[in-house]
Amino acid sequence: MFSLKITEVNAVSLVKYFIPSHWGRLLVRIKTDEGYVGYGESGEDSRWGVGVTLIDNWAKQVVGSDPMETKKILRRIWYSMKHFGRDGITMGTLSAVDFALLDVKGKIMDVPTCDLIGGKFRDRIRVYCDTSHAEPLEDPESHVRVVRDALKRGFDSVKFDLDTGFRGREMLGWEPYNQHLRNDELKWMVKVTDAIRNAVGDDIELMVDLHGVYNTTSAIKIAKALEPFNLTWLEEPVPAENVDAMREVKRSTFTPICAGENLHSAWRFRRLLEKQAVSIIEPDLNKCGGILEGQNIAHMADLQYIPVAPHNTSTPVGTLAACHFCASIPNFVSLEWHGLREAAEWSRLVKWDGSIIKDGYIMIPDKPGLGFELNEEACLEANPEAEVLFT
Ligand code: MG
């Protein structure tokens with residue numbers, strides 16, 4: 001039916017996404033001999049130019065291939081990754097290739113990507129808002145303000161941080177290295193959460209992120225102290241690496257435990273899920289290997305009756321790719337959206353009619369592929385170090 005060949009695969013790193021303080025991203029572009037173009041984005045790990053080197057290296061696995069053979073191309077790259085390790089930056093970069101392949105294939109077949117991967121369970125994707133930093137940090141009211149700001153923009157599900165990061169813990173006089181929770185620190189956490197729950201009422205879903213900085217005993221104390229506030233989840237109460245510790249926290253509390261944003265590939269999720277060490281998983285589609293690997297992970301979770309709420313700190317490119325995945329799995333709960341500051345810039349990075357997020361939801365585009373057009377000129381403007389976007 002189709003006899004196309006992939007003719008180019010290129011990448012650009014450090015797209016600063018219009019905001020100088022933004023982490024920057026790796027974008028990947030795939031072209032075919034008949035002029036079809038697909039785009040992808042990798043997770044935050046790939047931003048230092050390593051991703052560009054990997055794409056240059058993988059080009060020989062991709063160029064000349066039939067763009068219909070998505071899984072075969074991804075598997076060839078997977079085999080070639082054995083010496084690099086199938087983790088971190090390599091899986092993040094592979095995610096970008098997966099997105100670009102599914103984008104270009106959808107365009108060739110003239111169907112949205114979600115129709116290529118099993119079809120939609122839902123037409124719109126519920127998005128929760130990850131709030132930005134509250135200042136002054138020590139004042140519970142400043143945390144209430146950032147949560148209220150998210151609600152004003154139509155979200156009914158909000159996440160805030162109760163670990164204060166290295167700088168915050170030092171500022172507040174707490175040791176940032178020993179993973180130990182002090183009594184005054186726990187008191188502050190309870191005060192902040194109480195102020196937010198009182199301000200927003202019972203119906204709003206609240207999530208708390210701890211970014212894996214506490215030891216098991218400290219994490220259990222936090223999870224139990226937060227039980228009265230009916231959190232939707234407590235995220236990464238202990239570091240990601242020790243599944244037994246995560247399971248111990250989960251079994252000690254009624255507060256649902258969520259983890260997975262720093263696990264790459266279905267292999268890394270296997271023990272976490274088989275041991276029922278979490279209540280919810282949060283794979284990052286830009287890091288875990290892409291949409292197809294994300295479906296493998298979601299299916300494994302479904303076998304354990306564990307729902308999926310993907311982590312997401314992406315530009316609209318990665319976010320829209322994640323939306324097609326979220327539409328395609330039964331056990332989806334909500335997708336993260338990172339920060340309110342970038343909202344106005346969405347329409348510049350991708351060409352889009354109207355606003356992408358409305359009342360806390362993203363509608364799945366009905367256009368072919370991932371459903372957007374990348375504004376390459378705007379990307380170039382945002383990346384002053386580059387003379388051309390894709391080299
Ligand atoms: Mg997190």
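This report covers one pocket and a few aromatic contacts in a predicted model.

**The second largest pocket**

The second largest pocket has a volume of about 560 Å³. Its lining is made up of 21 residues, and those nearest the centre are His133, Leu137, Thr164, Gly165 and Gly168. By type, the lining residues divide into eight nonpolar, eight polar and five charged.

Three elements, helix H5 (140–152), strand S5 (157–161) and helix H6 (165–171), each supply at least two residues of this lining. Of the elements, H6 gives the most, with six residues.

**Aromatic contacts**

The model holds five aromatic pairs. One of them joins Phe155 and Trp337, and this pair is stacked, with 5.9 Å from centre to centre and 15° between the planes. The two residues are 182 positions apart in the chain: Phe155 lies in the loop between H5 and S5, while Trp337 belongs to strand S10 (residues 335–338). The pair therefore links distant parts of the chain.

Are the two partners buried or exposed? The table gives the relative accessible area of each.

| Residue | Relative accessible area | Class |
|---|---|---|
| Phe155 | 4% | buried |
| Trp337 | 6% | buried |

Phe155 counts as buried because its relative accessibility of 4% is under the cut-off of 20%. Trp337, at 6%, is also under 20% and so is buried.

A further contact involves a charge and a ring: the charged end of Arg124 sits over the ring of Tyr361, at 3.6 Å from the ring centre.

Conventions:
Residues numbered from 1 in each chain as written. Predicted model: local features only at pLDDT ≥ 70, side-chain atom pairs only at ≥ 80, totals over all residues. Heavy atoms only, no water. 1 Å grid on protein atoms, 1.4 Å probe; cavity = no way out; pocket = protein on both sides within 12 Å on 5 of 7 lines; lining within 4 Å. Points joined across faces, edges and corners; volume = space filled by probe spheres on them. Helix = DSSP H or I, 4+ residues; strand = E, 2+ residues; numbered from the N terminus. Nonpolar A, V, L, I, M, F, W, Y, C, P; charged D, E, K, R; others polar. Phe/Tyr/Trp six-rings, centres within 6.5 Å; stacked < 30°, edge-to-face > 60°. Buried < 20%, exposed > 50% of the residue type's maximum accessible area, 1.4 Å probe, protein only. Lys NZ or Arg CZ within 6 Å of the ring centre and 35° of its normal.
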